[in-house]
Amino acid sequence: MKKSTVKIVTSFSITVIVALSVLLIAEPAWAWGFFGHQRINRMAVFTLPPEMIVFYKEHLEYITSHAVDPDKRRYAIEGEDKNHYIDIDIYGKDPFDAMPRNWDEAVEKFTEDTIRTYGILPWNLEKNYFRLKRAFEDKNQKLILKYSADIGHYIGDAHVPLHTTVNYNGQLSGQKGIHGFWESRIPESFASDYDFFVGKAEHIKNIKSYIWDFIAESHVCVDSVLTFEKILSLKFPADQKYAFESRGVNTMRVYSKEYTEAYNAKLDNMVERRMRATILSIGSIWYTAWVNAGQPDLSNLGDLEFSEEELKEEEELNKQYNSGKIKGRDHGN
Ligand SMILES: [Zn+2]
């Protein structure tokens, strides 16, 4: 009798363990998480000059909620995932010297296949800047909002160190899970203490080099992001590294509060610094697009209305995201 009870308990435990590990694998990862991307786009609005802030504040909800559309599109569109990263370190010892900034020259040097395989984030960002500038020139408020929200997302990705390396989830160094740890778990744990007021948006003289510069700044951080976690994991008691947290009806295995605090302290608030830099870069690129489009008057663009077709498209995107699988690279798994 006793024996069979033990057996039941054991098999129950195994079931629980299996279920928990499945949940761990199933946890989606977003650059900056949904939470971070939305917060960043929202705060970028407050860097803008009065002529722009009137418009952006009126559409604050749109700018905030659509901050994650590009991540949703990874579930619906083949190749969208390539827009979110660049594994710059596959291009040799001094990859930023080796890589031409111009798309045609980059393709000529490394082939289009290679460039696309390892991500096209900087070129995608530049393309979206020109789309936004054109939308301002045309005073097309729907497109102004769409491209502003999209650019906010991609600039956010470009400020995450692990979006610039082939070892994007620590999978090559025995640190699987570090992607979501750095960009989601830390900001979700500490963002209430972050200072998100970053000053005023600035006009950028050279958009291309500005984009490459913040990607290079992100890449410089990769070594610390990985090394500090490695050192910490070696000295931290293994049984205290993870904890279990309820998320709705599910129980998730997450990095424990203590481990997250210790990692954040080692990083010396790097995550907050990268978030602040993101916010300023977004505001500055929006502002530059508007200035370079001739500073169109945004105070009178009329009501924002979406056609039935556009609403259907959005619904379809949400459906694919909710039920589908990422087409291409999933940073978290
Ligand atoms: Zn992304």
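**Helix packing, burial and backbone angles**

Q: The axes of α9 and α14 come within 8 Å and cross at roughly 45°; why is this pair called oblique?

A: In this predicted model, the crossing angle of α9 and α14 is roughly 45°, and it has to be set against the ranges that carry other names. Roughly parallel needs an angle under 35 degrees, roughly perpendicular needs 65 to 115, and roughly antiparallel needs an angle over 145. The value for α9 and α14 falls in none of these ranges, and the two helices are therefore oblique to each other. Their crossing is also right-handed.

Q: Which residues make the contact of α9 with α14, and how do they divide by class?

A: On the α9 side the contact is made by Y129, L132, K133 and F136, and on the α14 side by I285, A289, W290 and N292. By class these are 6 nonpolar, 1 polar and 1 charged residues. Lys counts as charged, so K133 of α9 is the charged member of this contact.

Q: What makes the pair of helix α9 (residues 121-137) and helix α12 (residues 207-235) oblique?

A: These two helices pack at an angle of about 140°, with their axes 10 Å apart. Roughly antiparallel is kept for angles over 145, and roughly perpendicular for 65 to 115, so the angle belongs to neither range and α9 is oblique to α12. The crossing of α9 and α12 is right-handed.

Q: Where do α9 and α12 meet?

A: P122, L125, E126 and Y129 in α9 meet I207, K208, I211, W212 and I215 in α12. The residues of this contact divide into 7 nonpolar, no polar and 2 charged. Glu and Lys both count as charged, so E126 and K208 supply the charged class here.

Q: Why is helix α2 (residues 33-44) called oblique to α14?

A: The two pack at an angle of about 50°, with their axes 8 Å apart. An angle under 35 degrees would be roughly parallel and one of 65 to 115 roughly perpendicular, and the angle of this pair lies in neither range, which makes α2 oblique to α14. The crossing of α2 and α14 is right-handed. The contact is made by G36, I40, N41, M43 and A44 of α2 and by M275, T278, I279, I282, G283 and W286 of α14. By class it has 7 nonpolar, 4 polar and no charged residues, and Gly is counted among the polar ones.

Q: How do you know that the buried residues of α3 line one face of the helix?

A: The buried residues of helix α3 (residues 50-58) are M52, F55 and Y56. Seen down the axis of α3, these residues fall within an arc of 95°, so they line one face. The face turned away from the buried side carries the exposed residues P50 and K57. The buried residues of α3 pack against α4 (60-65) and α14 (270-292).

Q: What makes I285 count as buried or exposed?

A: I285 is found in helix α14, and 28 other C-beta atoms lie within 10 Å of its own. Burial asks for 20 or more, so I285 is buried. Leaving aside its neighbours within four places in sequence, I285 is in contact with Y129, I151, I155 and I204. One of these, I151, is 134 residues from I285 along the chain, while their C-alpha atoms are separated by 8.4 Å.

Q: Why are K139 and Q295 called partly exposed?

A: A residue is exposed with 12 or fewer C-beta neighbours and buried with 20 or more, and partly exposed in between. K139 has 15 such neighbours inside 10 Å and therefore counts as partly exposed. Q295 has 13 inside 10 Å, so Q295 also counts as partly exposed. K139 lies in the loop between α9 and α10 (141-158), and Q295 in the loop between α14 and α15 (308-323). Phi of K139 is near 50°, a positive value in a residue other than glycine; Q295 has a positive phi of about 50°, although Q295 is not a glycine either.

Q: How many helices and strands are in the chain, and what part of its residues is buried?

A: There are 15 helices and 2 strands, and buried residues make up 36% of the 333 residues. Among contacts with a separation of 6 or more, 78% join residues 24 or more positions apart.

Definitions and conventions:
Residues are numbered from 1 along each chain as its sequence is written. This is a predicted model: local features need pLDDT of at least 70, side-chain atom pairs count only at pLDDT 80 or more; totals for chains, interfaces and linings use all residues. Axes are lines fitted to C-alpha atoms, for helices over the stretch in contact, and angles run from 0 to 180 degrees between N-to-C directions. Helices (H or I, at least four residues) and strands (E, at least two) are DSSP runs, numbered from the N terminus. A crossing is left-handed if the near helix is turned anticlockwise from the far one by less than a right angle, and right-handed if clockwise. Two residues are in contact if their C-beta atoms, placed from the backbone, lie within 7 Å. The arc is that of the directions from the helix axis to the C-beta atoms.
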